[in-house]
Structure formats: structure tokens, C-alpha cells
Amino acid sequence: MTPGVRPLVAGNWKMNGLSASLAEIKAMREAVDAGKAGAAELAVCPPATLLAQAAWTLKGGKVSLGGQDCHAKESGAYTGDIAASMIKDAGAQYVIVGHSERRQYHGETDAAVKAKAEAGLKAGLVAIVCVGETRTEREAGKAIEVVSTQVRGSLPASGGPDTVVVAYEPIWAIGTGLTPTPADVAEVHAAIRRLLGEIYGAAGAKVRILYGGSVKPANAKELLGLANVDGALVGGASLKAVDFLAIAATYL
Ligand code: PGA
């Protein structure tokens, strides 16, 4: 946790969810609006097909909404892609960019991620920029080096606490049930915090740095209580309101 920073617990639904899943989003909203979900901000990032419906479900409430990716261009001949302005127009406030699954399966480079993040900001969205090392890189002692290169290359040139969130997600911890040790998480988050200071100056001190990768109700307290860990980016455990809310309850 960072003093004076409101944590963010964001759910990344990835390629999961049909309209029936809106019931989970409704349950999240009800808990948050009833004041039962703790002090953190909650955001849910369903697939693009559900954004507009989710926005209606969340309208007037306190749960935020995000997209999972956006194109770097404002509009044009990019079949199948989604512009940041479309995500905003659908009712979202956030957009995830540079998730390792995008970097891995769609060949997104740091420069591409940076362009997407900047497109998000331009459209009025807060960019959640993901970084993280592979298992081989961690075992080679290169985690900090790899993550630092990604942070330097992927973050928008200008930003601050109201426009940028960084998510540290070790690739080997995503969807595997494995997590780094608290000391390893704290070490990477401290390195990211230093870089945020270099990039954004004083504003970097309050940019939220989320941890992501197999966050579950059972391990949330240990991970989310660490210095410079300002919330979580949650995949699998965000699909069910009960689990997602149990993670958010870390901040009760
Ligand atoms: P996980 O995914 O919580 O299912 O490990 C996290 C993520 O990819 O954002």
C-alpha cells in the first residue's frame, strides 16, 4: 500500500463472459454500492461485447468499467479492432494495455503498448499498463531488468495518478496458481516506483502499481499489504462476484 493512494482492484475477464455473466457484474455493483466491498475502487474489464451492457448495469453506481485492449489509432481500416474512443463511448473509464497475453499472442512490443496507452489517455481513459517477466527471465535473475525495460518503453510519455496505472504481472504466475514471494513482489514494485519517479517526477509517487498473477481470496492479504502494492489485477478469480469481492475485502 502507498499512503494516500486509494487501491484499485481490477478484474480482467479475458475472453470469458456472455450476457448471462452480467449477473456477476450486478452482484459486484450491489455489494459496492451497499458499502460492503471495502475501501478500494473496484473495476471490471469484461470482453468488448459486454462493455455497453455492463455500463448500463453499473450506471450511477461506484464500480468502474474497463476494456481489455485498444488500437493505437483513433479510427480507420483496422477490421476487428477497437478504438479507445469506442471503449470510452461504451461507458468505460479504464483500458488495459500490454497484457502479457497480448504481447505473447499478438506480438505487441513496448512501443506498440505505449502507443495504445497514449491512445487511451487521449480518449479520456485511464491506461492500465501491464509488465512482467517470464519464468526463464526470473530464474536468470533478470526480472528487474526486464520489467524496467518494459516500464520505460510502454508507459505514456506524460501521465500521473489520474491517467496511468501499472500492473506488475509475472507471466509465470498468470493462471498457474503460482505467485512470487512477497519479498520478490516488493522488490519489483519498489523498482517500478523508482522508475515512475524518473518518468513522471513527483506525480509518480502516487501512480497505482497493481500486482497480478494468481491473486485469490486466500493469498490477497499477504500480497496486497506490501509496500508499493496498490491493488490487484485479477483474472480467473474476478469472474465470480463472490471471489472478486473477497479479494476486495482485503481493504475492509
Ligand atoms: P489470473 O490472471 O488472476 O487468472 O492469474 C491475471 C491476469 O492475467 O491479469
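## Around helix α8

Let's start where a helix ends: just after α8, Gly201 adopts a positive phi of about 70°. Keep in mind as you look at this glycine that the model is predicted.

The helix itself covers residues 182-200. Its 19 residues, at 1.5 Å a residue, should span 27 Å, and the end C-alpha atoms lie 26 Å apart, so the length agrees with what is expected.

## The buried side of α8

Which residues of α8 are buried? They are Val185, Val188, His189, Ala191, Ile192, Arg193, Leu195, Leu196 and Tyr200. You will find His189, Arg193 and Tyr200 in that list alongside Val185, Ile192 and Leu196, among others.

These buried residues pack against several elements. The strands are β5 (126-131), β6 (164-168) and β7 (208-212), while the helices are α6 (135-139), α7 (143-154) and α9 (217-224).

## The ligand site

Now for the ligand, which has 13 residues around it. Those that come nearest are Lys14, His99, Glu169, Gly175 and Ser214.

Both side chain and backbone take part in the polar contacts here. From Lys14, a polar side-chain atom lies 2.7 Å from an oxygen atom of the ligand. Gly175 places a backbone N or O atom 2.6 Å from a ligand oxygen atom, and for Gly236 a backbone N or O atom is 2.8 Å from an oxygen atom of the ligand.

## Aromatic rings

Elsewhere, a lysine meets a ring: Lys59 lies over the face of Trp56, 5.4 Å from the ring centre. As for rings paired with each other, the count comes to one aromatic pair.

Technical notes
Residues are numbered from 1 along each chain as its sequence is written. This is a predicted model: local features need pLDDT of at least 70, side-chain atom pairs count only at pLDDT 80 or more; totals for chains, interfaces and linings use all residues. Side-chain values use heavy atoms; hydrogens and water are left out. Helices (H or I, at least four residues) and strands (E, at least two) are DSSP runs, numbered from the N terminus. The expected span of a helix is 1.5 Å times one less than its number of residues. Buried means under 20% relative accessible area, exposed over 50%, partly exposed in between (1.4 Å probe, protein chains only). Contact means heavy atoms within 4.5 Å. Rings of Phe, Tyr and Trp (its six-membered ring) pair if their centres lie within 6.5 Å; planes under 30 degrees apart count as stacked, over 60 as edge-to-face and the rest as tilted. A charge sits over a ring if NZ of Lys or CZ of Arg is within 6 Å of the ring centre and within 35 degrees of the ring normal. A residue is near a molecule or strand if one of its heavy atoms lies within 4 Å of it. A polar contact is a pair of N or O atoms within 3.5 Å; within protein, one must be able to donate a hydrogen and the other to accept it, and residues adjacent in sequence count only if both atoms are side-chain atoms.
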